Amino acid sequence: MDFTTGDLVTRTSYNHDLLFRVASQTDGNVIIHGEDIRLEADAPIDDLARVQDRELEKRRKSVKEQEEFSYRLFRQDYQLMKEKRDYQTTEGYHYPSRFFQLPAKVLHIDGDRMYLRKCIELYQRIGLQVHGVHVDEKEMPFEIGPLIEKIQPDIIVITGHDSFSKNKGLKSDLRAYRHSKYFAETVRSARNIVPHLDQLVIFAGACQSHFESLIRAGANFASSPSRINIHALDPVYIAAKIAYTPFMEKVSVWDALRNTLTGEKGMGGVETRGLLRTGMPYLEEESTDYE
């Protein structure tokens, strides 16, 4: 069976557990990317099966339900944070709530164009200002410096595809991972520019990434402690939790992970200060009529 780039397939040897799309193929070997999880793998052509329309519709419906559940959890969390913020800003509702907020700016670097597009849609739905850039994982360490200088972000998400191969080494061996080395180098380059963990918040990693090396490099949050797959949208919820938490409050690791689809097995990190700053008074611009 021959496949073309973009075809949706599953792997027979893994009992058709995950949905992939074909990225490229050479000499009977196919590079595949997870459709909803940040996993890159290679497989022989005869191990792949094209997904039928009915099966595809069923899978997509299940994923959509998971994504909407996570979004509802985040909205509930956001509403509680907003009510608390309104109460504190108005001294217990004794004063008018006429204040303004300085939003955090997110730089999202992604090795996958389709994931980047899905993430930007979620950032916009949540109400976060984001600058999204598609960069091949191997090029990220060289691109990060100029991007930081140009955009001056408060939060950086460094993600794309990754995978662990036990044929290449132990779980502790960074060489056994497809892209973890490049993620770690990118984090290190960013920390050379902004060393403080609370002045620049960094999420780094993808499916099965080498969690320990990313944290050591200077990431606040990273994947994947248990070397499991993470959902394509999980980094967005980490960024949003930090962005909407007041800067005088810290975000515990559990609070940051609570609204993700993967949870603590797929993601971890260190407690981090929020980035939301509130000011007052909010002055509405007066309209001027010219005769």
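**Exercise 1. Work out whether C207 is buried or exposed, and whether C207 forms a disulfide.**

Start with the surface: C207 has 0% relative accessibility, so this cysteine counts as buried. Keep in mind that we're working with a predicted model.

Next, look for a partner. A disulfide is a covalent bond between the sulfur atoms of two cysteines. The cut-off here is a pair of sulfurs within 2.5 Å. The closest cysteine sulfur to that of C207 belongs to C119 and sits 12 Å off, too far for a bond.

Now flip to the other end. C119 is also at 0% relative accessibility and therefore buried. The count of disulfides comes to zero, and C119 is in none, with the sulfur of C207 as its nearest at 12 Å.

**Exercise 2. Find where N220 lies and what its side chain reaches.**

First, place the residue: N220 is in the loop between α5 (211-217) and β11. Then check accessibility: at 0%, N220 counts as buried.

Now the polar side of things. The N220 side chain reaches the backbone oxygen of L197 at 2.9 Å.

Finally, list the company. Setting aside neighbours within four places in sequence, N220 touches several residues, among them R191, L197, V201, I215, G268 and T272.

**Exercise 3. Lay out the six-stranded sheet and say which strands stand at the edges.**

Write down the order: β8-β7-β9-β10-β11-β13, an open sheet with mixed pairing. β8 and β13 (268-269) each have a single partner strand, so each has one side without a neighbour in the sheet.

Zoom in on one pair. β10 (201-204) and β11 (221-222) run parallel, joined over two bridges; A204 stands opposite A222.

Then add the helices on top. α4 lies across β9 and β10, at about 160° to β9. α6 (234-243) lies across β9, β10 and β11, at about 170° to β9.

**Exercise 4. Check the span of α3 and find what its buried residues pack against.**

Take the length first: α3 covers residues 140-151, which is 12 residues, and spans 15 Å from first C-alpha to last, close to the expected 16 Å.

Next, pick out the buried positions: M140, P141, I144, G145, L147, I148 and I151. As a reminder, an α-helix has 3.6 residues a turn, so residues three or four places apart point the same way.

Where do they pack? The buried residues of α3 go against β7 (105-110), β8 (129-134), β9 (155-159) and α4 (180-193).

One last stop: just after α3, Q152 takes a positive phi of about 55°.

Technical notes. Residues numbered from 1 in each chain as written. Predicted model: local features only at pLDDT ≥ 70, side-chain atom pairs only at ≥ 80, totals over all residues. Heavy atoms only, no water. Helix = DSSP H or I, 4+ residues; strand = E, 2+ residues; numbered from the N terminus. Expected span 1.5 Å × (residues − 1). Buried < 20%, exposed > 50% of the residue type's maximum accessible area, 1.4 Å probe, protein only. Contact = heavy atoms within 4.5 Å. Pairing = 2+ DSSP bridges. Axes fitted to C-alpha atoms, helices over the stretch in contact; angles between N-to-C directions. Polar contact = N/O pair within 3.5 Å; in protein donor to acceptor, adjacent residues only side chain to side chain.
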